[in-house]
Amino acid sequence: TNFPLVRITNLKTHHVFYGRTHDHSSMAVASNAEVSTHVEVSTGQERGPSYLEVVANGIASEPFLVVVK
């Protein structure tokens, strides 16, 4: 896919939410450069400690611990 998704898993409920990404700083393939993107978080997203992963072509990044406020 051309646009990765962000997957947020709430650590208390284990519910999974997805966010759409947009405004990528780069769309280069196999680049070693640092890139950034914006994500639209669902209004129904549960608050609290969660794991955030970026998923592209069905492959997830390493989970990153975040706190959704």
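So, a greasy-looking start: Leu5, Val16 and Tyr18 make a nonpolar patch of about 270 Å² on the surface. Keep in mind that everything I show today comes from a predicted model. Take Leu5 from that patch. Leu5 sits in strand E1, which covers residues 5–10. Is Leu5 buried or exposed? Neither, really: its relative accessibility is 37%, so Leu5 counts as partly exposed.

Okay, let's step back to the whole chain. How many helices and strands does the protein chain have? The count is 0 helices and 6 strands. If you read along the sequence, you get β-β-β-β-β-β. For the dimensions, picture a box of roughly 35 × 20 × 20 Å along the principal axes, filled by the C-alpha atoms.

The chain has 69 residues, and 23% of them count as buried. The accessible surface comes to about 5300 Å², and carbon and sulfur atoms account for 57% of that. Now, contacts. If you take the contacts between residues at least 6 apart in sequence, 37% of them join residues at least 24 apart. As for charges, there are 5 positive and 6 negative ones, and the mean positions of those two groups are 10 Å apart.

That brings me to charge pairs. Side chains of opposite charge can pair when their charged atoms come close. How many salt bridges does the structure hold? The answer is 1. The partners are Arg7 and Glu53, whose side chains meet at 3.2 Å, N to O. Arg7 belongs to strand E1 and Glu53 to strand E4, residues 48–56, so this pair ties together parts that are 46 residues apart in sequence. The two partners fall into separate accessibility classes. Arg7 has a relative accessible area of 21%, and because the cut-off for buried is under 20%, Arg7 counts as partly exposed. Glu53, with a relative accessible area of 13%, is buried.

Stay with E1 for a moment, since Thr9 is in that strand too. Thr9 is buried, at 16% relative accessibility. Which residues does Thr9 touch, if we leave aside its neighbours within four places in sequence? Those contacts are His14, His15, Val16, Ser50, Tyr51 and Glu53. You've met two of those names already: Val16 from the surface patch, and Glu53 from the salt bridge.

His14, another of Thr9's contacts, deserves its own minute. You'll find His14 in the loop between E1 and strand E2, residues 16–22. His14 is exposed, with 58% relative accessibility. What is the phi of His14? It is near 65°, a positive value in a residue other than glycine. For background, most residues other than glycine have a negative phi.

Asn57 is another case: its phi is positive, about 55°, although Asn57 is not a glycine. Asn57 sits in the loop between E4 and strand E5, residues 59–60. With a relative accessible area of 55%, Asn57 is exposed. Gly58 is in the loop between E4 and E5 as well, and Gly58 is exposed at 69%. Now look for Pro4 in your viewer. Gly58 and Pro4 are 54 residues apart along the chain, with their C-alpha atoms separated by 9.1 Å.

Next stop, Gln45. Where is Gln45? It's in the loop between strand E3, residues 38–40, and E4. Buried or exposed? Gln45 is buried, with a relative accessible area of 8%. Apart from neighbours within four places in sequence, Gln45 is in contact with Ile8, Phe17 and Val68. Measure along the sequence to Gly19 and you count 26 residues, while the C-alpha to C-alpha distance from Gln45 to Gly19 is 9.5 Å.

Last one: Phe64, in strand E6, residues 64–68. Phe64 is exposed, with a relative accessible area of 54%. Not counting residues up to four places away in sequence, Phe64 touches Ser50, Tyr51 and Leu52. Ser50 and Tyr51 were on Thr9's contact list too. And Phe17, which we just saw touching Gln45, is 47 residues from Phe64 along the chain, with 15 Å between their C-alpha atoms.

Notes:
Residues are numbered from 1 along each chain as its sequence is written. This is a predicted model: local features need pLDDT of at least 70, side-chain atom pairs count only at pLDDT 80 or more; totals for chains, interfaces and linings use all residues. Side-chain values use heavy atoms; hydrogens and water are left out. Patches are made of residues with over 30% relative accessible area and no salt bridge: like charges are joined within 9 Å, nonpolar side chains (Val, Leu, Ile, Met, Phe, Trp, Tyr) within 5 Å. Accessible areas come from the Shrake-Rupley method with a 1.4 Å probe; for residues, only the protein chains shown count as cover. A salt bridge is a side-chain nitrogen of Lys or Arg within 4 Å of a carboxyl oxygen of Asp or Glu. Helices (H or I, at least four residues) and strands (E, at least two) are DSSP runs, numbered from the N terminus. Buried means under 20% relative accessible area, exposed over 50%, partly exposed in between (1.4 Å probe, protein chains only). Contact means heavy atoms within 4.5 Å. Lys and Arg count as positive and Asp and Glu as negative; His and the chain ends are not counted. The place of a charge is taken as NZ of Lys, CZ of Arg, CG of Asp or CD of Glu.
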